[in-house]
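Work through the exercises below with the coordinates open. Each task is followed by a stepwise solution.

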Amino acid sequence: MQLLQWVFYSVCGFLFLRLLWQLGAIFRLAANNKREKLAGMTIVKTKGENLPFSFFHWLFVGTDLIHQTEFSSVLSHEKAHSKKLHSADILFFSLLRILFWFHPAIYLLERELRSMHEYEADAVSYTHLRAHETVLDLV
């Protein structure tokens with residue numbers, strides 16, 4: 001029994017340290033790159049061709065994407081993630097995954113939650129872009 005407890009706590013400790021490392025990497029990324037406020041979010045301009053992602057009010061985006069035409073759709077999509085606090089959900093599930101790493105259902109639920117977040121953000125950004133196109137059509 002003692003061995004199982006040791007394994008459980010060791011894996012939990014490792015996963016917790018990994019989560020702290022990942023959060024630290026996000027904060028270092030925000031601290032070491034240029035930032036600017038835009039549409040209620042803080043845009044963090046990263047170097048290279050990184051995939052855009054948001055973490056609460058921060059939007060991390062490669063400098064090459066900022067000057068492309070699809071940046072407004074990316075901004076709308078990531079702003080939807082920010083407004084609906086999807087980062088809090090993911091952080092909560094990360095903590096659950098630390099405690100229930102041995103249970104396969106936690107991984108399935110997390111995957112479904114991430115899919116649901118993407119559908120929600122896509123729906124909001126699609127509605128926003130359709131409304132913008134409708135206004136442009138009227139003008």
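## Exercise 1: an aromatic pair

Trp-58 has 14% relative accessibility, so it counts as buried (buried is under 20% relative accessible area, exposed over 50%, partly exposed in between, with a 1.4 Å probe and protein chains only). The model is predicted: local features need pLDDT of at least 70, side-chain atom pairs count only at pLDDT 80 or more, and totals for chains, interfaces and linings use all residues. Residues are numbered from 1 along each chain as its sequence is written, and side-chain values use heavy atoms, with hydrogens and water left out.

**Task.** Classify the aromatic pair of Phe-27 and Trp-58, and state which parts it ties together.

**Solution.**
1. Recall the criterion: rings of Phe, Tyr and Trp (its six-membered ring) pair if their centres lie within 6.5 Å; planes under 30 degrees apart are stacked, over 60 edge-to-face, the rest tilted.
2. The structure holds eleven aromatic pairs.
3. For Phe-27 and Trp-58, the centres are 5.5 Å apart and the planes make 85°, an edge-to-face pair.
4. Phe-27 sits in helix α1 (residues 2-31) and Trp-58 in strand β4 (residues 58-62), so the pair links parts 31 residues apart in sequence. Helices (H or I, at least four residues) and strands (E, at least two) are DSSP runs, numbered from the N terminus.
5. Phe-27 has 44% relative accessibility and counts as partly exposed.
6. Widen the view: Phe-27, Phe-53, Phe-55, Phe-56, Trp-58 and Phe-60 form one aromatic cluster.

## Exercise 2: the nonpolar core

**Task.** Find which element gives the most residues to the largest nonpolar core.

**Solution.**
1. Apply the definition: a nonpolar core is a set of buried Ala, Val, Leu, Ile, Met, Phe, Trp, Tyr and Cys residues joined through side-chain atoms within 4.5 Å.
2. The largest core has eleven residues, among them Cys-12, Leu-15, Val-44, Phe-55, Trp-58 and Ile-98.
3. Two or more residues come from each of α1 and β4.
4. α1 gives the most, with six residues.
5. Check Phe-55: leaving aside neighbours within four places in sequence, Phe-55 is in contact (heavy atoms within 4.5 Å) with Leu-23, Ile-26, Phe-27, Phe-60 and Ser-87.
6. Apart from the largest core lies another, of nine residues, including Met-41, Val-61, Val-74 and Leu-75.

## Exercise 3: helix α4

**Task.** Test the length of α4, then locate its buried residues.

**Solution.**
1. The expected span is 1.5 Å times one less than the number of residues.
2. Helix α4 (residues 86-99) has 14 residues and should span 20 Å; its end C-alpha atoms are 20 Å apart, which agrees.
3. The buried residues of α4 are His-86, Ser-87, Ile-90, Phe-93, Ser-94, Arg-97 and Ile-98.
4. These residues cover an arc of only 150° around the axis, which puts them on the same side of α4. The arc is that of the directions from the helix axis to the C-beta atoms.
5. An α-helix has 3.6 residues a turn, so residues three or four places apart point the same way.

## Exercise 4: positive phi

**Task.** Where do Ala-39 and Leu-85 lie?

**Solution.**
1. Most residues other than glycine have a negative phi.
2. Phi of Ala-39 is near 55°, a positive value.
3. Ala-39 lies in the loop between β1 (34-38) and β2 (41-46).
4. Its relative accessible area is 39%, so Ala-39 is partly exposed.
5. Phi of Leu-85 is likewise positive, near 55°.
6. Leu-85 is in the loop between α3 and α4.
7. At 46% relative accessibility, Leu-85 counts as partly exposed.
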